Amino acid sequence: MRFLPFFFVLALMPVSFPRAETKANPLIKPFTLTATNGKKWSLSEQKDAKAVAVVFLGTECPVNNQYLPELARLHQTYAAKGITFVGINSNVHDTPTRVRSHAEANSIPFPILKDTGNVVADEFMAKRTPEAFLLSPRGEVLYRGRIDDQIGIGFRRKTAERRDLAEAIEETLAGKAVSVAKTDAPGCLIA
């Protein structure tokens, strides 16, 4: 009985819980990075795109490297429909020369940017390579996660059962909200 007043007092104390994010889709701050060709690339200059597909990539991750042909196909399919593709390498051990050589050796058809100091990766809260983000032209995150479910750690299916990034792009092009806005991205941690 001695503890009853203490619990009663606790029950009356105001309790503060973390507030849920009220904004459905966070905004990514505009950024400018240098591409492997030496030119600057800015998110703020992509206002004419219907959406921007940003994929965090590395040079060594096996899952990442297995997805490069699929990313090239996605770029080929959607670039003419107004979707801008860009890759970002935030790995400390990947020098600009190494990133350029990797992009050339794998015939990556879209710009690859070097994020020295992980500044942009931190803004996105990106964790893995490959990890895809689909942004509105103003930087609103419409989708975040895997490219599809074909490849993961220790497995590779003959075909993908769900093509998450492509489906997010299709829904965006159709003027719809992305039905599956977040998935887990398998792959290597950004170093």
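A residue counts as buried when its relative accessible area is under 20%. Keep that cut-off in mind as you tour this predicted model.

**Stop 1: the whole chain**

Start by showing the protein chain as a cartoon. You should find five helices and eleven strands. The chain has 191 residues, and buried ones make up 45% of them. Next, think about which parts of the sequence meet. Of the contacts with a separation of 6 or more, 72% are between residues 24 or more positions apart.

Now colour by pLDDT. The mean for the protein chain is 88, and 87% of its residues reach 70 or more. Select residues 1-23, where pLDDT stays under 50. For this stretch the model has zero contacts beyond four places in sequence. Where pLDDT is low, the predicted coordinates should not be read in detail.

**Stop 2: helix α5**

Select residues 164-173, which form helix α5. How many of its ten residues are buried? Seven are, so the helix is largely enclosed by the rest of the structure. To see them, show the side chains of D164, L165, A166, A168, I169, E171 and T172.

What do these buried residues pack against? Their partners are the strands β3, β4 (83-89), β7 and β8 (141-145), together with helix α2. Colour each partner separately and turn the view around α5. Then step just past the end of α5 to G175, whose phi is positive, at about 80 degrees.

**Stop 3: the disulfide**

Select C61 and C188 and show them as sticks. Their sulfur atoms are 2.4 Å apart, and the two residues form a disulfide. This pair joins distant parts of the chain, with the two positions 127 residues apart in the numbering. C61 is in the loop between β3 (51-56) and α2 (62-78), while C188 is in strand β11 (residues 188-189). A disulfide is a covalent bond between the sulfur atoms of two cysteines. A search of the whole structure finds one.

Look along the S-S bond of C61 and C188: the torsion about this bond is about 85 degrees, so the disulfide is right-handed. Are the two partners buried or exposed? C61 counts as buried, at 5% relative accessibility. C188 is partly exposed, with a relative accessible area of 27%.

**Stop 4: a cavity**

Rolling a probe the size of a water molecule over the atoms shows where empty space is left. In this structure there is one cavity of 30 Å³ or more, and the largest cavity has a volume of about 50 Å³.

To find the place, select L57, G58, T59, N89, V99, H102, A103, I108 and I112, which line the largest cavity. Which element gives the most to this lining? It is α3, with three residues. Try colouring the lining by residue type: five residues are nonpolar, four are polar and none is charged.

**Stop 5: unusual backbone angles**

Most residues other than glycine have a negative phi, and most peptide bonds are trans. The next selections show some exceptions.

- Select S107, in the loop between α3 (96-105) and β5 (112-114). Phi of S107 is positive, near 50 degrees. This serine counts as exposed, at 54% relative accessibility. Add P69, which is 38 residues away from S107 along the chain, and check the C-alpha distance: 8.6 Å.
- Select M125, in the loop between α4 and β6. M125 has a positive phi of about 60 degrees, although it is not a glycine. With a relative accessible area of 52%, M125 is exposed.
- Select T129 and P130. The peptide bond from T129 to P130 is cis, with omega near -5 degrees. P130 sits in the loop between β6 (128-129) and β7 (131-135).

**Last stop: G117**

Finish at G117, in the loop between β5 and α4 (119-124). G117 counts as exposed, at 53% relative accessibility. Show S90 as well: G117 and S90 are 27 residues apart in sequence, and their C-alpha atoms are 7.2 Å apart in space.

Note on methods:
Residues numbered from 1 in each chain as written. Heavy atoms only, no water. Disulfide = S-S within 2.5 Å. Helix = DSSP H or I, 4+ residues; strand = E, 2+ residues; numbered from the N terminus. Buried < 20%, exposed > 50% of the residue type's maximum accessible area, 1.4 Å probe, protein only. 1 Å grid on protein atoms, 1.4 Å probe; cavity = no way out; pocket = protein on both sides within 12 Å on 5 of 7 lines; lining within 4 Å. Points joined across faces, edges and corners; volume = space filled by probe spheres on them. Nonpolar A, V, L, I, M, F, W, Y, C, P; charged D, E, K, R; others polar. pLDDT = per-residue confidence, 0-100. Contact = heavy atoms within 4.5 Å.
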